[in-house]
Amino acid sequence: MLSGKHILLGVSGGIAAYKSALLVREFVRAGAEVQVVMTPAATRFITPLTLGTLSRRNVIIEMFPSGSGEQERQWTAHIDCALWAHLMLVAPATADTLAGIAHGFAGTFLAATALALRCPLAVAPSMDVDMYRHPATQENLGILRRRGVHVLEPEEGELASGLVGAGRLPEPAVVCRWVEGLLAPPPQDFLGRHLLVTAGPTHEPIDPVRFIGNRSSGKTGFALAAAAAERGAHVTLIAGPVHLPTPPGVHRVDVTTGREMYGAVMEAFPQSDALIMSAAVADFTPAEPSGRKIKKEALPEEGYALALIQNPDILKAAARSRRRQVLVGFALETENGLENARAKLSSKNLDLVVLNNPLEDGAGFGTDTNIVTLISAGGNAISLPKLPKADVAHRILDAVAPLIS
Ligand code: CTP
């Protein structure tokens, strides 16, 4: 599976470093060439001789060769390593190494190499449960995820300290399969298909400076657009007001209000094979938005009622004009999720509903992960575990692909 692949394995100083010997063996068996780089602390847990022998390459530790057993090499070896690699995996990734990479410190050979990469970076955090849970570590992981770094969640279990919790490095075979998945080219099952994806909130103006909106970050919709493009689709992404970069190869149309989103969707819908409505469209909009900023003095002191009218329901309108298109809706429910999502599926005439509960830990607006249930028109419900939004996007597309063909 990894034949001809160049894997740069960064080993940092935690007790799980002992597993890196078996990890090197797994990679070599799968056909990869492995270059190990270690932090000085990692050498306290496992010897460079062991990892060098198994990888059949000299292990690199220090930024500047010191003659301490390391072969003569150029001081620019971190750049050479970074350019050589098809993927860098840091396993185990300690709290300190994660912090260094997240904040751009280049104090070790490993961290300097991670900064110079042009290939994907993957990290497998491993540390004691409280260090893993600490907001500093979690925020650093959030930074890395937002930059597209792949993060392998640690396993729960008994830790070297005797405490029990999340922090264990998964077994080498599991890590190796994960890396194989990261390096496998995505299936081209959407080649030649046109996908229409909406994302983000809508802003409904009260006056030129105020609006009614919601907390949608747009991350799920952008992840869906990116995943569909990777899988060969022509993607039109209709985005509400969000500050996210356009995924490569995606045609983006920016809109502000629900009515604008309705117009943009209806224009692109006839040419589409599927519409995925992940946008959190405002259901209501101010009936008469003011052309000028409303002055406080102009309003009654005891308060005033803002008249709202309903926005057009985009999914319902699309369902009315559909020919062959697959329709996917989202249901954000804090109670009676399955029941409400099934009701949405039939009332909006959908093929698939993606149900999620924003109150669950690791789900909903603004997070980098989500916990969703996919409910298809046949009534089938598949509950997915907590996954990064990119993985959720691929799982949704796995469900959409057979509906299109
Ligand atoms: N949607 C739409 N047009 C709207 C509003 C929502 O197409 N004007 C889509 C959303 O993109 C989402 C799904 O419909 O895919 C959500 O359904 P909706 O009934 O709007 O859910 P809620 O607004 O959450 O409904 P409720 O508040 O009744 O739960």
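User: Quick one to start: where is the place of Arg56?
Analyst: Arg56 falls in the loop between α2 (48-55) and α3 (77-84). Keep in mind that this is a predicted model.

User: What's the phi of Arg56?
Analyst: Its phi is positive, about 60°, although Arg56 is not a glycine. As background, most residues other than glycine have a negative phi.

User: Okay, and which residues does the cis peptide bond join?
Analyst: That would be Ala91 and Pro92, with omega at about -5°. In general, most peptide bonds are trans.

User: Which strand does Pro92 lie in?
Analyst: Pro92 is part of β3, which covers residues 87-93.

User: Switching to the big picture, what does the domain assignment give?
Analyst: The protein chain is assigned domain 1 (6-183) and domain 2 (194-285 + 305-404). Taken over C-alpha atoms, the centres of domain 1 and domain 2 are separated by 37 Å.

User: Now the ligand. Which residues are around it?
Analyst: The shell has Met277, Ala279, Val281 and Asp283, then Pro312, Asp313, Ile314 and Leu315, plus Gly329, Phe330, Lys344 and Lys348.

User: How does that shell around the ligand break down by class?
Analyst: Seven residues are nonpolar, one is polar and four are charged.

User: Which helix and strand each supply at least two of those shell residues?
Analyst: Helix α11 (314-321) and strand β16 (326-332) do.

User: What about polar contacts, say with the side chain of Asp283?
Analyst: An N or O atom in the Asp283 side chain sits 2.7 Å from a ligand oxygen. Phe330 uses its backbone instead: an N or O atom there is 2.8 Å from an oxygen atom of the ligand. For Ile314, a polar backbone atom is 3.0 Å from a ligand nitrogen.

User: And how much of the ligand does the protein bury?
Analyst: The protein buries 73% of the 580 Å² that the ligand exposes when taken alone.

User: Last thing, which pocket is the space taken by the ligand?
Analyst: The ligand takes up the second largest pocket.

How values were computed
Residues are numbered from 1 along each chain as its sequence is written. This is a predicted model: local features need pLDDT of at least 70, side-chain atom pairs count only at pLDDT 80 or more; totals for chains, interfaces and linings use all residues. Side-chain values use heavy atoms; hydrogens and water are left out. A residue is near a molecule or strand if one of its heavy atoms lies within 4 Å of it. A polar contact is a pair of N or O atoms within 3.5 Å; within protein, one must be able to donate a hydrogen and the other to accept it, and residues adjacent in sequence count only if both atoms are side-chain atoms. Accessible areas come from the Shrake-Rupley method with a 1.4 Å probe; for residues, only the protein chains shown count as cover. On a 1 Å grid over the protein atoms alone, a cavity is a set of points where a 1.4 Å probe fits but cannot get out, and a pocket is an open set with protein on both sides within 12 Å along at least five of seven lines; lining residues have an atom within 4 Å of a point. A molecule sits in a cavity or pocket if more than half of its atoms lie within 2 Å of its grid points. Helices (H or I, at least four residues) and strands (E, at least two) are DSSP runs, numbered from the N terminus. Ala, Val, Leu, Ile, Met, Phe, Trp, Tyr, Cys and Pro count as nonpolar, Asp, Glu, Lys and Arg as charged, and the others, Gly among them, as polar. Domain bounds come from an automatic or database domain assignment.
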